[in-house]
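Trainee: Hi! Could you walk me through this structure? I'd like to start with how it is divided up.

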Amino acid sequence: MLTRFLLAGLDTKAWVLLSVLAVLAVAVPFMALAVPPTSPWSLSMLTVTLLGKYFCYALLALSLDLVWGYCGILSLGHGAFFALGGYAMGMYLMRQIGSRGVYGNAELPDFMVFLNWKELPWYWHGFDMFPFAALMVVLIPGVLAFAFGWFAFRSRVTGVYLSIITQAMTFALLLAFFRNDMGFGGNNGLTDFKEILGYDIQAPATRAGLFVATVVALAIGYILASAVVSSKYGKVLVAVRDAESRVRFLGYDVEKVKLFAWTLSACMAGVAGALYVPQVGIINPSEFSPAASIEAVIWVAVGGRGTLAGAVLGAVIVNYGKTWFTGVLPEVWLFALGGLFVLVTLFLPKGILGLAGDLRQRLAARRSRAAAGSNAAKEATAP
Amino acid sequence: MKASYTMGAVAGLAIYAASGMAVPALAQDTIKVGILHSLSGTMAISETTLKDVMLMLVEEQNKKGGVLGKKLEAVVVDPASNWPLFAEKARELLTKDKVAAVFGCWTSVSRKSVLPVFEELNGLLFYPVQYEGEESSRNVFYTGAAPNQQAIPAVDYLAEKEKVQRWVLAGTDYVYPRTTNKILEAYLKSKGVKSEDILINYTPFGHADWQSIVADIKKFGSAGKKTAVVSTINGDANVPFYKELGNQGIKATDIPVVAFSVGEEELAGIDTKPLIGHLAAWNYFQSVSTPENEDFIKKWQAFTKNPKRVTNDPMEAHVIGFNMWVKAVEKAGTTAPDAVIDSIIGVSVPNLSGGYSAMMPNHHITKPVLIGEVQDNGQFDIVSKTPGLVVGDEWSDYLPDSKDLISDWRAPMSCGNFNVKTGKCGGKGT
Amino acid sequence: MRCTIRRLLIAAALLIAALPPLAAYAADLPALVRGLGVSNYDELDKAIAKLAETGDPAVAPVLEALQAGDLNLRKSDGAVVVAKRAGSGWDLFDPLTGAALGPAERSAVERIRINNALRRSLGAALGALTLMSPDPAVRRSAAEAVFKSRDPAGIEILDRAIAKETDAGIRTAMQRARAAAVLNTDAPEAEKLAAIEIIAARGDRDGLGLLNTVVNATAPDAVKAAAREAIGAIEHRLALWAAAQNLWYGLSLGSVLLLAAIGLAVTFGVMGVINMAHGEMVMIGAYSTFMVQEMFRAYAPGLFDLSILVALPVAFVVAGGIGIIIERGIIRWLYGRPLETLLATWGLSLMLQQAVRSLFGPSNREVGAPSWMSGAFELGGLTITYGRLWIVVFAFAVFAALLVALRRTSFGLQIRAVTQNRRMASAMGIRTPQVDALTFGLGSGIAGLAGVALSQIDNVSPNLGQGYIIDSFMVVVFGGVGNLWGTLVGALTLGTINKFLEPYAGAVLGKILVLIFIILFIQRRPRGLFALRGRAVEA
């Protein structure tokens with residue numbers, strides 16, 4: 001029943017994407033771990049972590065597309081949920097360091113020791129247990145999103161106003177996490193992790209494992225999101241996006257419809273953040289910066305808003321571009337990124353996937369026109 | 001099969017990305033040196049200069065014939081003021097470009113971000129900025145000042161020469177000011193300053209509206225005792241801070257401000273006439289009059305084709321760090337990190353203020369401490385210089401949890417946090 | 001004491017002009033001046049003291065030159081000379097007579113350097129020397145200098161100066177200076193009590209600081225008690241003024257927010273375009289100011305005070321022009337898709353930042369303050385800086401001008417018509433594309449004007465705009481999109497709330513609380529403080 005519900009939403013695009021992910025989940029660890037480094041088919045750890053990072057971003061983009069592409073809520077603060085998930089995971093990883101920190105304090109993280117904290121703040125308790133931390137990864141962003149959405153949707157805050165207050169939310173969190181008095185390490189954030197679930201976090205096998213976990217999470221997120229959008233509820237969601245008042249007059253409870261998608265999306269973003277932190281090795285308040293959230297919006301726009309595969313594609317392409325440009329042409333990186341946004345919005349309003357769709361339609365139209373034309377010609381020449 | 005083209009593209013891209021990055025480096029006929037400084041984003045304002053100075057140093061060294069008979073090749077990447085990107089770029093430099101050493105980072109968080117990468121891949125990082133201490137890594141060489149090479153001499157100067165009795169410790173809310181102020185507070189109290197004579201204030205990054213805080217400083221300063229401000233305010237926020245000081249008429253002769261993050265580059269953006277006499281503590285000023293420094297300034301201005309381009313302290317730190325690395329590589333006869341880590345300790349090279357700086361076993365260097373007063377032309381007049389060199393102290397003696405720790409990377413100790421009380425490596429122990 | 005140095009320089013010029021070269025000095029003056037040629041600060045301090053002891057007004061210009069950093073040591077013969085920049089070298093003058101001593105190579109002289117302690121000694125010495133100056137402004141600052149130095153040696157001169165003084169205000173200042181000096185001596189108790197009374201009448205921070213010194217020092221109990229009482233009175237008075245001071249800070253922060261947001265209120269509020277590149281328009285305005293000032297520095301340094309006034313139209317035109325280009329090039333294709341304009345303009349803002357970084361370099365650029373925007377004045381217990389005052393005035397002037405432009409001109413009428421009903425306006429013969437372009441240009445131009453003002457208080461760097469964009473959006477949304485009055489009230493409210501929270505919560509927490517306040521406020525009033533009503537809302 002559940003399986004059928006989940007699989008029913010998958011179209012061809014989805015199957016292709018899932019197959020690619022499945023191939024990567026097997027091939028990448030194999031190429032990184034088993035193929036000897038001298039072989040041209042060997043993958044460096046750098047590549048594995050990079051790919052892992054792209055897929056974390058892809059999951060974030062996917063969650064954003066769920067609310068923006070299908071529900072019309074442009075969140076300029078999705079980075080906040082991502083970062084909260086990341087912090088929850090970071091706190092777990094900090095507690096795992098134990099007495100291996102530079103001061104050798106088994107209880108307190110280093111940054112607390114040198115700021116003379118005497119004991120662990122209450123909100124750090126429990127994070128030494130992975131199940132608790134994993135729960136918090138989903139719960140904290142989820143609860144925040146639920147509370148925020150509960151108030152905002154009931155008050156019918158929409159459009160630009162909603163976008164701006166999501167921005168205010170992430171900006172307030174940014175400032176709050178910058179404060180050293182909050183007990184999250186201030187600007188330095190959480191870093192210098194040693195191990196996760198007992199495995200050395202720098203070991204190639206752990207990295208490969210984290211990569212596989214990310215790919216699996218992305219696949220699950222994708223299946224879940226496509227099941228949601230292709231269900232009956234998904235139809236209502238799209239209807240809310242296109243004509244909110246009309247849906248309300250038809251008797252639907254628009255607030256609840258929005259709230260569900262919004263909270264689900266925040267939980268997905270939290271998971272993405274949690275997978276991101278052990279792979280990049282640091283979480284710091286700059287993840288809360290409004291600019292980071294806007295960048296995520298842009299991945300979705302580049303890939304194609306309103307198509308789940310587009311969000312994934314956009315996140316991977318833009319971030320690959322970022323990696324490439326900041327290495328090869330650092331000075332022009334911002335020109336390239338900025339120019340990309342301008343060009344995409346002007347010429348590819350539906351993103352790359354939309355462009356592909358358009359081209360195919362046009363091609364099909366031309367073929368049918370050509371076919372019609374030749375038929376007509378045949379008819380005309382027929383005696 | 002509608003979407004197969006695009007999805008094929010994804011797969012292709014992933015494989016391309018993978019294979020593109022997997023191509024092993026070609027046989028090396030040059031020695032690569034990584035430069036890891038932000039060229040965009042908020043930190044570009046400070047770090048771009050350091051990239052330029054590194055390019056100049058590499059060019060100079062190549063004119064002299066390179067190192068070990070090979071030319072040096074600079075690999076510049078842009079971590080874009082993004083901390084996770086710092087770690088990623090560091091990994092890229094070490095694994096893909098296979099650089100022999102990396103010169104880079106500015107903020108503490110960027111250093112913290114790359115630290116695990118350098119330790120994992122056994123790379124070398126030369127870090128040129130004054131910082132909060134409380135760290136010593138086998139793979140990092142700290143060529144900027146530790147708190148005892150900047151903050152404490154500055155406070156001593158104010159207490160002695162300006163007879164300051166009341167202190168405002170104003171800083172941006174991040175780890176460097178927090179730690180420095182902790183150390184200073186403990187130090188001042190050990191000198192008999194009472195708690196009510198110390199005011200500590202933190203502001204966010206890029207704080208632009210200083211009206212209330214400057215008014216508070218004025219208020220604090222009207223208690224009938226000579227008052228001074230010790231500023232650990234970070235780069236961007238300094239300009240509005242000094243503008244407000246000037247406008248509210250706080251003169252250096254009344255309430256002097258001594259800053260640890262304001263150098264010639266930062267002053268270039270301010271009209272310094274109202275600020276004459278405010279102080280800064282560094283290990284180098286452009287106004288140092290030594291032949292080495294004049295030569296360096298000439299080369300720098302020629303290299304940047306800008307006769308007004310200023311120099312500053314972190315640039316000197318890179319000059320020292322780079323020369324130390326060159327000397328250590330030549331001593332070791334190889335660029336292999338382990339050999340360089342062994343050979344660099346004890347290496348001593350001329351600094352630009354007329355003396356020699358040596359790399360100590362704790363991976364910090366010896367430096368003179370200079371105190372300068374701001375002039376109307378954006379330069380500093382040096383009003384005090386420590387008679388000898390000061391050794392960088394990585395674990396502050398004024399913090400309870402670090403006073404028993406020392407660092408010595410020579411065999412057999414080879415430990416960054418050796419506890420002299422317990423006689424064990426690994427911090428306080430449990 | 002605010003503009004002492006400048007005033008003293010003027011005074012120096014006046015003195016040199018007014019006094020014909022004196023034929024005879026006290027015999028040892030040139031020798032004493034030569035004594036300034038030492039490199040040790042302590043010795044220099046003694047040499048200054050010796051010069052000051054002569055009490056000869058001819059010494060004043062020498063000390064002023066030393067204070068201004070113009071006094072140099074000629075390396076060839078050890079003579080102390082005044083050196084003025086002339087091309088790549090120096091023109092030398094005698095410090096006492098002002099007689100020209102001919103040109104010199106750049107390296108032929110070495111500047112005599114001073115530190116803060118010497119600056120204080122110089123201030124005190126010059127204060128005593130210039131109490132009798134014919135210029136009232138110099139006399140006033142001299143009295144302030146003696147007040148600061150509290151040099152008991154000044155009492156005698158002050159007594160003479162007070163007797164001669166005709167200006168009541170300056171006499172009061174001199175009496176206060178005298179009282180300050182008296183408190184620094186072993187004068188009898190009665191005299192000290194009288195002095196405390198005089199200081200207490202000053203009632204400001206400087207007086208408070210002085211009285212605190214008296215309490216901290218050794219003094220008879222009666223004197224200490226009187227000082228404590230006076231301190232209590234001053235502190236009470238200042239506490240009352242503190243609320244007003246906060247209000248002023250709030251007003252001043254509010255007007256900065258207003259300036260930054262008002263251009264956005266036009267592009268975002270009136271046109272519905274989410275212009276993320278708005279901050280970069282502000283930055284371009286600031287860089288225009290920098291360019292204008294560079295021109296002034298190069299070609300007309302004497303008119304530098306006017307540079308800001310010239311920068312205003314330049315910044316408006318440059319930023320407005322770029323705005324029009326952006327509108328014609330990009331935004332006009334995106335009308336009706338507000339969220340897409342957000343993306344495109346965000347991309348644009350990245351490109352503009354990087355362009356400015358490539359053109360001007362990543363570091364801060366120096367924008368100087370004209371003299372009429374420097375310094376501060378006291379109003380009761382308030383300290384008001386001229387720079388902030390002008391920014392408040394300017395913000396309101398821009399607001400008023402914009403309001404008039406929208407309400408009273410035909411262009412404003414067209415803008416309002418297009419905003420309310422584009423198709424109808426078009427049908428009535430209004431060229432809507434042209435109006436769109438000009439409106440966007442207007443909003444950008446105002447942002448440019450804001451840049452001129454912000455260059456006076458903030459960094460002029462490629463990141464300048466980033467610091468204001470979020471605050472501007474908050475102001476516009478809080479006030480209500482599409483309503484200029486909302487923007488005004490929004491900016492002033494947020495500024496004031498921020499400044500009243502800051503003393504209690506600190507700068508960071510204060511800002512966080514303001515953001516939370518905005519989020520909650522939007523829940524109550526989803527369309528801001530002054531919501532638009534009617535059909536325009538749904539469009």
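Mentor: Sure! Keep in mind that this is a predicted model. In chain B, the domain assignment gives domain 1 (25–145 + 288–368), domain 2 (151–259) and domain 3 (400–430).

Trainee: What is the distance between the centres of domain 1 and domain 2 of chain B?

Mentor: Taken over C-alpha atoms, those centres are 31 Å apart. The contact involves 6 residues from domain 1 of chain B and 5 residues from domain 2 of chain B.

Trainee: How much area do domain 1 and domain 2 of chain B bury between them?

Mentor: About 510 Å², with 65% of it on carbon and sulfur atoms. On the domain 1 side, B:S108, B:Q130 and B:E132 lose the most area, together 62% of what that side buries.

Trainee: And how many salt bridges are there between these two domains of chain B?

Mentor: The count is 0 salt bridges. For polar contacts across the interface of domain 1 and domain 2 of chain B, the rule also finds 0 residue pairs, with both residues at pLDDT 80 or more.

Trainee: OK, new topic: the two chains. How many residues does each of chain A and chain B bring to the contact?

Mentor: Chain A brings 58 residues and chain B brings 59 residues. Chain A and chain B bury about 5300 Å² between them, 64% of it on carbon and sulfur atoms. Within chain A, the trio A:L46, A:Y103 and A:F114 supplies 12% of the area buried against chain B, more than any other three residues.

Trainee: What about salt bridges between chain A and chain B, how many are there?

Mentor: There are 3 salt bridges. One pairs the side chains of B:E120 and A:R207, at 3.1 Å from N to O. The rule also finds 13 residue pairs in polar contact between chain A and chain B, both residues at pLDDT 80 or more.

Trainee: Which element gives the largest share of the chain A side?

Mentor: That is α13(A), with 9 residues. By class, the side of chain A that touches chain B has 28 nonpolar, 20 polar and 10 charged residues.

Trainee: Last one: where is B:H364, and is B:H364 buried or exposed?

Mentor: B:H364 is in the loop between β12 (356–358) and β13 (366–367) of chain B. B:H364 counts as buried because its relative accessible area is 0%, and the cut-off for buried is under 20%.

Trainee: Nice. Which residues does B:H364 touch, not counting those up to four places away in sequence?

Mentor: Among them are B:E135, B:Y142, B:M359 and B:E394. B:Y131 is also one of the residues touched, and the side chains of B:H364 and B:Y131 are joined by a polar contact of 2.6 Å.

Note on methods:
Residues are numbered from 1 along each chain as its sequence is written. Chains are lettered from A and ligands numbered from 1 in the order in which they are written. This is a predicted model: local features need pLDDT of at least 70, side-chain atom pairs count only at pLDDT 80 or more; totals for chains, interfaces and linings use all residues. Side-chain values use heavy atoms; hydrogens and water are left out. Helices (H or I, at least four residues) and strands (E, at least two) are DSSP runs, numbered from the N terminus. Buried means under 20% relative accessible area, exposed over 50%, partly exposed in between (1.4 Å probe, protein chains only). A polar contact is a pair of N or O atoms within 3.5 Å; within protein, one must be able to donate a hydrogen and the other to accept it, and residues adjacent in sequence count only if both atoms are side-chain atoms. Contact means heavy atoms within 4.5 Å. Domain bounds come from an automatic or database domain assignment. Buried area is the accessible area (1.4 Å probe) that two parts lose on being put together, summed over both. A salt bridge is a side-chain nitrogen of Lys or Arg within 4 Å of a carboxyl oxygen of Asp or Glu. Ala, Val, Leu, Ile, Met, Phe, Trp, Tyr, Cys and Pro count as nonpolar, Asp, Glu, Lys and Arg as charged, and the others, Gly among them, as polar.
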